[in-house]
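Subject: Structure handover and notes

Dear colleague,

I am passing on the structure we spoke of, and it follows directly below. My notes on what was found in it come after that, arranged by region.

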Amino acid sequence: MPNCGRCHTCGQPVLIVLDGVEWCPHTCLIYQWPLSHGWPNPAPSADEALSCEQVAQRLTPSTAHSKEEEPLPITTSLDPTPSNIWADAPIISTYTRRQAIEDGCLVEIPSGTCREFGIKFSLALTRAVWEEYVVVPPAVKGFQDEAGRLADILTMFYLAARRCSDHMLTFQVIVKQDAEEDLPPPITLKAGINGGDDGRGAITIMLLNES
């Protein structure tokens, strides 16, 4: 069966990101691997196990139904109307992602570098991650460089993102900080994705205690 190009949870069109992975940028905010789209998914969710035809039937009432019958609802794991006490509050000021990059709070990774690692969204590291794990410490200067340390982080993020279906994930990477150290224990970073300033999606890699 051909790929319907829709999220099997909410029925909206998906984006193809991260070297072919399907991402729902709508209510769901999830990665997905539907079986009918040709993904070798060993543990599909109930929605991922649906055929494209079943998804289409949930979007369009069957002609076999009587006029009195309601169309099958589109199910979602997220509450479309969550309680939010700030929903109608006036916005006094905003601090955009672009402002954070210009201020140096975030370090933006060039789009060309992102594409080398199969990442199609805008991506930035917090200043803390950059200074701690990308900037080369004096102890390992001469046989490490920033490009290589950044590549390690992006590679491990990409591999974790391929297995994740949430808007937030954690991943581990080994970063050598001392030339005398044989194999340091892995450090854990987290990454989150949201709409970004323009609604096209943006990823931020952070320390565990950052938000």
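Two strands are taken to pair here if DSSP finds at least two bridges between them. Please keep in mind throughout that this is a predicted model.

With that criterion, strand E1 (residues 15-17) and strand E2 pair in the antiparallel sense over three bridges, and within this pairing valine 17 stands opposite valine 21 of E2. On the other side of the description, E2 and strand E3 (residues 30-32) are also antiparallel partners, joined over three bridges, with glutamate 22 standing opposite glutamine 32 in E3. E2 and E3 form a hairpin that leaves five residues between them, and in the turn leucine 29 has a positive phi of about 55 degrees. In general, the side chains of a regular strand alternate between the two faces of the sheet. In E2 (residues 21-24) both faces are covered, since Val21 and Trp23 on one side, and Glu22 and Cys24 on the other, are all buried.

Glutamine 32, which is found in strand E3, may deserve your attention as a polar residue to inspect. Is glutamine 32 buried or exposed? The cut-off for buried is under 20% relative accessible area, and glutamine 32 has 1% relative accessibility, so this residue counts as buried. A polar atom of the glutamine 32 side chain lies 3.1 Å from the backbone nitrogen of histidine 8. Leaving aside residues up to four places away in sequence, glutamine 32 touches Arg6, Cys7, His8, Val14, Glu22, Trp39 and Glu48.

Further along the chain, helix H1 (residues 52-59) has Cys52, Val55 and Arg58 buried. Seen down the axis of H1, the buried residues fall within an arc of 115 degrees, so they line one face of the helix.

The next item is an open sheet of five strands, which has the order E4-E5-E8-E7-E6 and mixed pairing. Its edge strands are E4 (106-108) and E6, each of which pairs on one side only, and the twist averages 30 degrees from one strand to the next. E4 and E5 run antiparallel and are joined by three bridges, with glutamate 108 opposite alanine 124 of E5. E5 and E8, by contrast, pair in the parallel sense over four bridges, and here leucine 123 has isoleucine 203 in E8 as its bridge partner. Strand E7 (residues 187-194) and strand E8 (residues 202-206) are antiparallel over five bridges, among them one in which threonine 204 in E8 is the partner of glycine 192. E5 is mostly covered, with four of its five residues buried.

Two helices lie across this sheet. Helix H4 (residues 127-134) lies across E4, E5 (122-126), E7 and E8, running at about 75 degrees to E5, whereas H5 lies across E5, E6, E7 and E8, running at about 135 degrees to E6.

Finally, a search of the whole structure for aromatic pairs finds one. The partners are phenylalanine 157 and phenylalanine 171, arranged edge-to-face at 6.0 Å centre to centre with 65 degrees between the planes. This pair links distant parts of the chain, 14 residues apart, with phenylalanine 157 in helix H5 (residues 146-162) and phenylalanine 171 in strand E6 (residues 168-173). Both phenylalanine 157 and phenylalanine 171 are buried.

With best wishes

How values were computed. Residues numbered from 1 in each chain as written. Predicted model: local features only at pLDDT ≥ 70, side-chain atom pairs only at ≥ 80, totals over all residues. Heavy atoms only, no water. Buried < 20%, exposed > 50% of the residue type's maximum accessible area, 1.4 Å probe, protein only. Helix = DSSP H or I, 4+ residues; strand = E, 2+ residues; numbered from the N terminus. Phe/Tyr/Trp six-rings, centres within 6.5 Å; stacked < 30°, edge-to-face > 60°. Polar contact = N/O pair within 3.5 Å; in protein donor to acceptor, adjacent residues only side chain to side chain. Contact = heavy atoms within 4.5 Å. Arc of directions from axis to C-beta. Axes fitted to C-alpha atoms, helices over the stretch in contact; angles between N-to-C directions.
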